[in-house]
Amino acid sequence: MTDQSPRSTYGWDSSVAGYPAHPPLDDKLDTRSTLTFDPHADRAARLARLTQRRAGGQELPPPGGRVAPRRRHPSKRSRVAALGLSLATTGGLTYAFASSADAGATSAALPGAAVSTADSATTLTTTSPSTSSSSAATAPSTTTGSATGRTPTTTAPTTTAPTTSASATGTTTVNGAAFTNRFGTVQVQAVFGADGKLTAVNVLQLPTDRKSVAINNRAVPTLNSEALTTQSAKVHTVSGATYTSQDYAKSLQSAIDTARAKGITKLA
Amino acid sequence: MNGRSASVHGAHHVEHVMGMAVSIDVRDDNVTHAAVETVVAWLHHVDATFSTYKLDSPISALGRGELALTDAPDVITDVLRRCEELKIDTGGVFDVYAVPAPNGTTLDPSGFVKGWSIETAARVLESFGCHNFCINAGGDIVVRGRPAPREQWSIGIRHPDEPDAFAAVVNGVGRLAVATSASYERGAHIIDPRSGLPTTDLASATVIGRDLGIADAYATALYVMGFDGLGLLEHRPGYDGFLITRDDTTHWTTGFDRYRATSVRDANARRE
């Protein structure tokens, strides 16, 4: 975001152009697109009936669920107070943050990324402009800690040879090859049990771009905030982004391929 | 590796589609294989139509200009119409034409399609008479009903640093959608349309609300907007947000508290 004006962050002013108060978007079932797909006429009819009920305003009641209570918006006075508070702290925090903006991108090597140096790099070739690390057996460090930041490239990713280590408990850890894209380097580590099954995938390297586009030197809201804490709980399901990049998959596959070649696992 | 198990007490199917694992967990006793199969077929249909990783999909052809909007399948037109509404709703922050797509075009509605397709899948299940289920598509979740009599659905929001722990846990009964936009791993998929550059302020942004398509788009917008996005959500009744910054702080809208598992919070406070 290029606009750095100390706009209110938490006491949102709804008269600001572009962010008007707005009723929730219509989320009614769109019959046309669903019926176009439906392969079986009877199911199409079922969906059509469902839609008719919805269109007719007959909301399907959730079984045993309660309707969410009507939320009260914060009063104007509290909004003004929040605005005043955030503006009052903006100046102080702006000064504090002004000199702390990071520049440059780094690849963070996570702790615990113990890599066996027993194997030397013999199998894979480097196909693109130089990596800073000449020893491919260690964790690739193409962009770590560079003071000048990383220059994004659009060339083919570099790869380095995977390594393997075995532990006394019978599990085997295999590092996948590292793949570098224009955001940094991705490398994962596969852990196999004694039976050859994949028991864990650890991320050794992820690109972490510290250069913040929206340098946040605004006031940090003091309402509804707390330090990030770790909670372990029994849940039914987890919401969060997944590692879906191709480099992650490639690094994992290289670890699996290496393990298979060494007879550690039968995974494909 | 698609796992399927169906018993008299429900069905749990995992399907790999749209580049992710979609877990369909139905708790109703009367769930049929046909219900799950229809959902699976729907998801593959969405994938074939909207995948920006497939150069020959209709959305890719549309993005390249080889397909006219009037010739595009109705489902694409519907999705793009809703994306336009969301663009207006978020003041231009959610813009499917503003980010480069993997297919080389500038049209990528994936940020909405993912949630919308799962929300539609939930309605398909409801049309088969299922009222208690949870679908998790790569971290975007819809739930309906209850996991078991007198129980609530319990949804963990992933901790950005520790894969097995949570930053927060939310509970819900009935219709609920949870979408998270995050960057634990650097990727090209979260771009601020106003600058064209990747955003990196936040570790993750979670939106909880009624419709997963809307929540998905709001989560993307919230991730781009940061704290301003919380202000936007304060003015969107029915939708609440939860942010995790890179400085290890969390922030949320006032309505988010009604979902948050207080007992876990208290347990965590005692540990401090």
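Colleague: What makes the strands with the order 8(A)-6(B)-7(B) an open sheet, and which are its edge strands?
Modeller: In this predicted model, where local features need pLDDT of at least 70 and side-chain atom pairs count only at pLDDT 80 or more, while totals for chains, interfaces and linings use all residues, the open sheet has 3 strands with mixed pairing. Two strands pair if DSSP finds at least two bridges between them, and strand 8 (237-239) of chain A and strand 7 (166-172) of chain B are the edge strands because each pairs on one side only. The twist averages 30° from one strand to the next.

Colleague: How do you know that strand 6 of chain B pairs with strand 7 of chain B?
Modeller: Strand 6 (residues 153-158) of chain B is joined to strand 7 of chain B by 6 bridges, against the at least two that pairing needs, and therefore the two count as paired; they run antiparallel. Ile157(B), for instance, has Ala168(B) in strand 7 of chain B as its bridge partner.

Colleague: Why is helix 4 of chain B called roughly antiparallel to helix 5 of chain B?
Modeller: Helix 4 (residues 110-127) of chain B packs against helix 5 (residues 212-225) of chain B at an angle of about 155°, with the axes 7 Å apart. Angles under 35 degrees count as roughly parallel, over 145 as roughly antiparallel, 65 to 115 as roughly perpendicular and the rest as oblique, so helix 4 of chain B is roughly antiparallel to helix 5 of chain B.

Colleague: Which residues of helix 5 of chain B does helix 4 of chain B meet?
Modeller: With contact meaning heavy atoms within 4.5 Å, residues of helix 4 of chain B, including Phe112(B) and Trp116(B), meet Leu212(B), Gly213(B), Ile214(B), Asp216(B) and Ala217(B) in helix 5 of chain B. Residues are numbered from 1 along each chain as its sequence is written, chains are lettered from A and ligands numbered from 1 in the order in which they are written, and side-chain values use heavy atoms, with hydrogens and water left out.

How values were computed: Axes are lines fitted to C-alpha atoms, for helices over the stretch in contact, and angles run from 0 to 180 degrees between N-to-C directions. Helices (H or I, at least four residues) and strands (E, at least two) are DSSP runs, numbered from the N terminus.
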